[in-house]
Amino acid sequence: MNLLIERILEGVGTFFLLYLIGYATFLFASVIGGATYLYKRRRMYLLKNELKHQYYFPVSIVVPAYNEEVTVVDTVRSLLNLEYRLYEIIVVDDGSKDETTKVMVDAFQMHRVDRPIRLTIPCKKVVEIWECESEKVKITLIKKENGGKGDAINMGINASEFPYFVCMDADSFLQKDSLEKIVQPLMEDQSVIAVGGLIRISQCAVFENGVVKKFKLPWNIVQCMQIMEYERSFLASRIFLDSFNGNLIISGAFGLFKKDMVVAVGGYDTNTLGEDMELIVKLHVFCRNNKIKYSIRYAPNAICWSQAPFTIGDLSKQRRRWHLGLFQSMMKYRQIGLNPRFGFLGFLSYPYYWLYELFSAFIELFGLITVILSGVLGLINVPFMILFFLLYALYSAVMTITAFFLRIYTQSLEISFGDAIKAIIMCLLEGVTFRFLLAFIRITAFIGYRKKKNKWGEIKREKQFKDKENDLAPKP
């Protein structure tokens, strides 16, 4: 019996080590590949600059909102600063209990209209519609019965006039050139049906007329850790997966879609917690099954600044929702896994999300328990294992530091010496503290799991898009 236990522990321990080495290899290859890609793009921009053109894809910007009275007006005002000629803004108030509709009507002097909306995609009923014509674009506000975020986006799609739409959160902010950047893949390839943008944390930037004027790390540690995590994750995996049309996620905070394709698959699913991922996987499956030539791209220079939770409680709500949404999508479309019809998508992307996203926390916890038991039984060299884990944590921190400073460089942002030191410290701490916090959240996400299709998963908002340096000073 003891021999059997030893062999089991050795086998599990070997798998755990291979798992860590596999992730480290993937992280290194993807970060270096992403860094090379961004560096080349920056060189091309500096040497040749980008040609200005007079042709624009008409785009409808859909902003679903639920209890967003604090942020929604700033978000819409930021959209009016975009360097783009042909777009409209549609805000969908999904039965908010606060003054979301009122602050929009007052801020933009909107008037109520009687406008029919063809429900190409089923969604909850319209309560009232408001409109206004700014000097640049039309703004439409639709107040509807509560149905959840996916249902609100479906309403926006139904009301949209243009063949392409952008979905973004009501607490987010686009840079002046973000819309122009995210449509560029459409100009390069007619088969593109969706494009994802880069998400960055807005609490670290000061904006002026849609341009980042100052970059400064906030004093809130929870937000700082998320900044480091975002920089690594959006550089590490998405550029690499984009190289073979393998992205399974476009963040709900900023994504561009071909409307007729989204309508063909039935729009956003209102019965899932991860409607953004579910849509992307559904588009992959639909196009592959119907032998439609398609491409789902990632545009790392199309940047959306979004608010991050600033308390552990709100962070836990957000990440539990994300993790359960990932689980639902992976289970719903499990036919993708190792299916030759899906090519690299089935043999690389799908296993990656299973191993290193969905079950990573469970594998790492089980692996650590196995290593500890093996150490107690004298089956491993304990000093060697401690050194190995320390080196692994340092390696992950170096990759995160690389991703962070690469973004600073490629966007021509300036950062103070103090913030540079703070960033390095946060990268070191993120791998040994924040990583385990997120692992705990992922593991406990399944405790008491119930499907909540109409729940938005609200988090506390703060006034955003700071326009003064002292707005980033520590609060008393």
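In which order do the 10 strands of the open sheet lie? Walking across this predicted model, you meet them as β3-β4-β5-β2-β1-β6-β11-β8-β12-β7, and the pairing is mixed. The two edges belong to β3 (111-113) and β7 (172-174); each has a single partner strand, so one side of each is left without a neighbour in the sheet. From one strand to the next, the twist averages 30°.

## The chain as a whole

Let us step back for a moment before going into the sheet. The protein chain has 14 helices and 12 strands. Its C-alpha atoms fill a box of roughly 80 × 50 × 45 Å along the principal axes. The radius of gyration is 23 Å, which agrees with the value near 23 Å that a compact globule of 476 residues would have. Of these 476 residues, 57% count as buried.

The contacts tell us how the chain is folded back on itself. Taking those between residues at least 6 apart in sequence, 81% join residues at least 24 apart. On the outside, the protein chain exposes about 21800 Å², and carbon and sulfur atoms supply 60% of that area.

## Strand β2 and its partners

Now back to the sheet, beginning with β2 (residues 87-94). On one side, β2 runs parallel to β5 (residues 138-144), and six bridges join the two. Within this pair, Ile90 stands opposite Thr140 of β5, and Asp94 has Lys144 as its bridge partner. β2 is also joined to β1 (residues 59-65), again in parallel, by seven bridges. Here Pro64 finds its bridge partner in Val92 of β2.

How many of the eight residues of β2 are buried? The count is eight of eight. In a regular strand, side chains alternate between the two faces of the sheet. For β2, one side carries Tyr87, Ile89, Val91 and Asp93, the other carries Glu88, Ile90, Val92 and Asp94, and all of them are buried, so that both faces are covered.

The chain passes between β1 and β2 by way of a helix: β1, α2 (residues 72-79) and β2 make a right-handed β-α-β unit. Seven of the eight residues of α2 are buried, so this helix is largely enclosed by the rest of the structure. Those buried residues are Val72, Val73, Asp74, Thr75, Val76, Ser78 and Leu79. What covers them includes the strands β1, β2, β5, β6 (164-168) and β7, together with helix α3 (100-108).

## Towards the β7 edge

Strand β12 (residues 295-306) is mostly covered as well, with 11 of its 12 residues buried. β12 pairs with β7 in the antiparallel sense over three bridges, and in this pair Leu174 stands opposite Cys304 of β12. With β8 (residues 192-201), β12 pairs in the parallel sense over nine bridges; there, Ala194 has Ile296 of β12 as its bridge partner.

The table brings together the four strand pairs described above.

| Strand pair | Sense | Bridges |
|---|---|---|
| β2 and β5 | parallel | six bridges |
| β1 and β2 | parallel | seven bridges |
| β7 and β12 | antiparallel | three bridges |
| β8 and β12 | parallel | nine bridges |

## Two residues in helices

Two helix residues are worth a visit. Asn154 is found in α4 (residues 149-159). Is Asn154 buried or exposed? Its relative accessibility is 1%, so Asn154 counts as buried. Leaving aside neighbours within four places in sequence, Asn154 is in contact with Ile121, Pro122 and Cys123, and also with Gly267, Tyr268 and Thr270.

Phe389 has its place in helix α13 (residues 382-410). With 22% relative accessibility, Phe389 counts as partly exposed, because the cut-off for buried is under 20%. Which residues does Phe389 contact, leaving aside its neighbours within four places in sequence? They are Phe16, Leu20, Leu368 and Val371. For one of these, Leu20, the distance along the chain is 369 residues, while the C-alpha atoms of Phe389 and Leu20 are separated by 9.6 Å.

Definitions and conventions: Residues are numbered from 1 along each chain as its sequence is written. This is a predicted model: local features need pLDDT of at least 70, side-chain atom pairs count only at pLDDT 80 or more; totals for chains, interfaces and linings use all residues. Side-chain values use heavy atoms; hydrogens and water are left out. Two strands pair if DSSP finds at least two bridges between them. Helices (H or I, at least four residues) and strands (E, at least two) are DSSP runs, numbered from the N terminus. Axes are lines fitted to C-alpha atoms, for helices over the stretch in contact, and angles run from 0 to 180 degrees between N-to-C directions. Buried means under 20% relative accessible area, exposed over 50%, partly exposed in between (1.4 Å probe, protein chains only). A crossover is right-handed if, with the strands pointing away from the viewer, the path from the first strand over the helix to the second runs clockwise. Contact means heavy atoms within 4.5 Å. The radius of gyration is taken over C-alpha atoms; the globule rule is 2.2 Å times the number of residues to the power 0.38. Accessible areas come from the Shrake-Rupley method with a 1.4 Å probe; for residues, only the protein chains shown count as cover.
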